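The following exercises introduce a protein model to a reader who has not met it before. Each task is followed by a solution in steps.

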Amino acid sequence: MEAWIFFKKTIRMVFVGTKVYYLWCAFLLAIIGIAISFYMKQLDAGLIITNMKDQVSWGLYLGNFTYLVGVAAAAVLLVIPAYIYHFDPIKEIVVLGELLAASAIIMALMFVLADLGRPDRFWHIVPFIGILAFPDSLLAWDVIVLNGYLVLNTIVPIYILVKTYFGKEPVRKYVIPLVLLSIPWAVGIHTVTAFLYNGLAARPFWNASILAPRFLASAFCSGPAMALIIFQILRKTAGLKIKNEALFKVAELMAYAMFVNLFLLGAELFKEYYSGTIHLAPMQYLFQGLHGHDSLVPWIRSAMVMNITAFLIFLIPATRTNLLTLNIGSLLIIVGVWIEKGLGLIVPGFIPDPLGEIYEYLPNVNEIAISLGIWAFGLFIFTLFMRIAIPIQRGDFSHSKYAREAGRTQYERSNQ
């Protein structure tokens with residue numbers, strides 16, 4: 001009975017809010033609506049209406065997919081200090097980080113769906129209905145690890161929030177094994193994603209043994225950077241108590257990850273340019289242009305400047321512990337890594353094609369609109385998560401208050 005009351009109250013809560021809450025949700029829903037109209041066109045005509053061709057068959061959708069898997073994997077950067085080293089300031093925000101990871105995985109799966117020219121054939125990989133082809137297919141591995149990680153990052157925070165609502169401590173024997181399992185699982189989701197590219201031996205740009213470590217290092221930069229910005233927005237707008245100490249500790253961990261990411265990129269650049277084999281062509285196309293084709297050069301050079309600048313900001317304690325420079329560095333990382341792991345990773349892998357031709361891909365309006373719609377959907381899901389999680393964490397929405405005030409919690413009254 002109490003569980004049913006809790007469920008009804010949470011459902012009601014997402015429909016009640018301030019004017020800013022309604023405007024924010026309306027804004028996101030408008031973008032989602034526009035994206036659906038573009039997706040219907042793609043559904044009717046197929047991927048022919050995108051700028052992807054036979055020469056470059058993966059584009060903006062899979063670029064975003066790769067980036068968001070990294071954002072989701074970065075939750076481990078909050079889980080380890082909170083649950084392994086018992087760093088209390090981070091323990092207070094780790095639930096929000098896990099819900100951010102769940103939202104990122106939902107978006108990543110939606111980008112895969114958007115990249116399917118015939119989504120009606122998706123059921124072919126559904127176990128018992130179709131054939132998952134596990135363990136032979138890397139795609140099957142990706143389906144399992146992504147969905148498993150989504151379940152882990154949904155069950156754990158929901159369980160903790162429900163326990164908090166009822167004023168009880170989460171049972172450690174249930175939580176800790178799942179949390180410990182989520183750590184290697186987070187590494188697994190991005191490793192398997194890297195192997196999807198790495199396993200294509202005929203694509204030398206991706207066929208490098210350090211690709212998976214590079215994926216993980218960049219993930220531990222971009223995901224926490226996004227979390228730092230979101231946590232500060234929640235602290236200002238929702239009155240959530242988040243200590244600067246927690247933000248600065250995350251920033252310190254990010255500095256190590258950024259160094260590793262830049263080091264591995266440098267190692268890759270040295271190997272390609274020093275050996276100077278035919279495998280250098282994709283790298284040349286990306287960083288300096290190839291046979292007059294250089295549309296990605298300004299993008300990747302801008303990304304390098306952003307990543308190096310952000311690394312210096314996070315390396316120096318004075319700028320790392322200043323909220324203004326911390327936020328500038330976080331924004332630079334978010335954009336810089338998005339370019340590096342988006343089009344900067346996907347497109348050069350196809351260039352030049354097996355005939356030696358170069359097709360310069362850039363996403364068209366259709367792809368950009370659908371991508372923005374998926375990002376808006378992810379933010380909408382995360383907003384609903386926060387609508388329930390924050391009042392519980394603040395103590396405004398709890399079983400004791402609900403019982404004492406006969407169903408009228410302090411939280412609801414504040415929104416009337």
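Helices are DSSP runs of at least four residues, numbered from the N terminus. The structure examined here is a predicted model.

**Exercise 1. Locate the cis peptide bonds at P135 and P352, and state the loop in which each proline is found.**

Solution.
Step 1. The bond from F134 to P135 is cis, with omega near 10°.
Step 2. P135 belongs to the loop that runs between α6 (94-114) and α7 (138-165).
Step 3. I351 and P352 are likewise joined by a cis peptide bond, and omega is about -5° there.
Step 4. The loop holding P352 is the one between α15 (343-346) and α16 (365-394).

**Exercise 2. Examine the phi values of F128 and A133, and decide whether each residue is buried, partly exposed or exposed.**

Solution.
Step 1. F128 has a phi near 75°, which is positive although the residue is not glycine.
Step 2. A133 also has a positive phi in a residue other than glycine, with a value near 60°.
Step 3. F128 is in the loop between α6 and α7, and A133 is in the loop between α6 and α7 as well.
Step 4. The relative accessible area of F128 is 86%, so this residue is exposed; the cut-off for that class is over 50%.
Step 5. A133 has 35% relative accessibility and therefore counts as partly exposed.

**Exercise 3. Determine how far helix α4 is enclosed, and describe the residue H86 just after the helix.**

Solution.
Step 1. Helix α4 covers residues 76-84, nine residues in total.
Step 2. The buried residues of α4 are V76, L77, L78, V79, P81, A82 and Y83.
Step 3. Because seven of the nine residues are buried, α4 is largely enclosed by the rest of the structure.
Step 4. Just after α4, H86 adopts a positive phi of about 50°.

**Exercise 4. Test whether the span of helix α9 agrees with its number of residues, and establish how many of its residues are buried.**

Solution.
Step 1. Helix α9 comprises residues 211-237.
Step 2. With 1.5 Å a residue, its 27 residues should span 39 Å.
Step 3. The end C-alpha atoms of α9 are 39 Å apart, which agrees with that expectation.
Step 4. Of the 27 residues, 22 are buried, so α9 is largely enclosed by the rest of the structure.
Step 5. Just after α9, G239 has a positive phi of about 65°.

**Exercise 5. Describe the surroundings of S218 and H190, leaving aside neighbours within four places in sequence when listing contacts.**

Solution.
Step 1. S218 lies in α9, and its relative accessibility of 1% makes it buried.
Step 2. A polar atom of the S218 side chain is 3.0 Å from the backbone oxygen of F215.
Step 3. The contacts of S218 beyond its sequence neighbours are N261, V337 and K341.
Step 4. H190 is part of helix α8 (residues 172-198), and its relative accessible area of 0% places it among the buried residues.
Step 5. H190 is in contact with T66, V69, G70, A73, F215, L216, A219 and K341.
Step 6. K341 thus appears in the contact lists of both S218 and H190.

**Exercise 6. State how many salt bridges are counted, and analyse three of them.**

Solution.
Step 1. The count is five salt bridges.
Step 2. R118 pairs with D120, with closest N and O atoms 2.8 Å apart. R118 is partly exposed at 44% relative accessible area, and D120 is partly exposed at 44%.
Step 3. K249 pairs with E252 at 3.5 Å between the closest N and O atoms. These two residues are three apart in helix α10 (residues 244-275), so about one helical turn separates them.
Step 4. The general rule behind this is that an α-helix has 3.6 residues a turn, so residues three or four places apart point the same way.
Step 5. K249 is partly exposed at 27% relative accessibility, and E252 is partly exposed at 23%.
Step 6. K271 and E272 form a salt bridge with an N to O distance of 2.9 Å. K271 is partly exposed at 40%, whereas E272 is buried at 3%.

**Exercise 7. Report how many disulfides a search of the whole structure finds, and classify C25 and C221 by accessibility.**

Solution.
Step 1. The search finds zero disulfides.
Step 2. C25 is buried, with 10% relative accessible area.
Step 3. C221 is buried, with 2% relative accessible area.

Conventions:
Residues are numbered from 1 along each chain as its sequence is written. This is a predicted model: local features need pLDDT of at least 70, side-chain atom pairs count only at pLDDT 80 or more; totals for chains, interfaces and linings use all residues. Side-chain values use heavy atoms; hydrogens and water are left out. Buried means under 20% relative accessible area, exposed over 50%, partly exposed in between (1.4 Å probe, protein chains only). A polar contact is a pair of N or O atoms within 3.5 Å; within protein, one must be able to donate a hydrogen and the other to accept it, and residues adjacent in sequence count only if both atoms are side-chain atoms. Contact means heavy atoms within 4.5 Å. The expected span of a helix is 1.5 Å times one less than its number of residues. A disulfide is a pair of cysteine sulfur atoms within 2.5 Å. A salt bridge is a side-chain nitrogen of Lys or Arg within 4 Å of a carboxyl oxygen of Asp or Glu.
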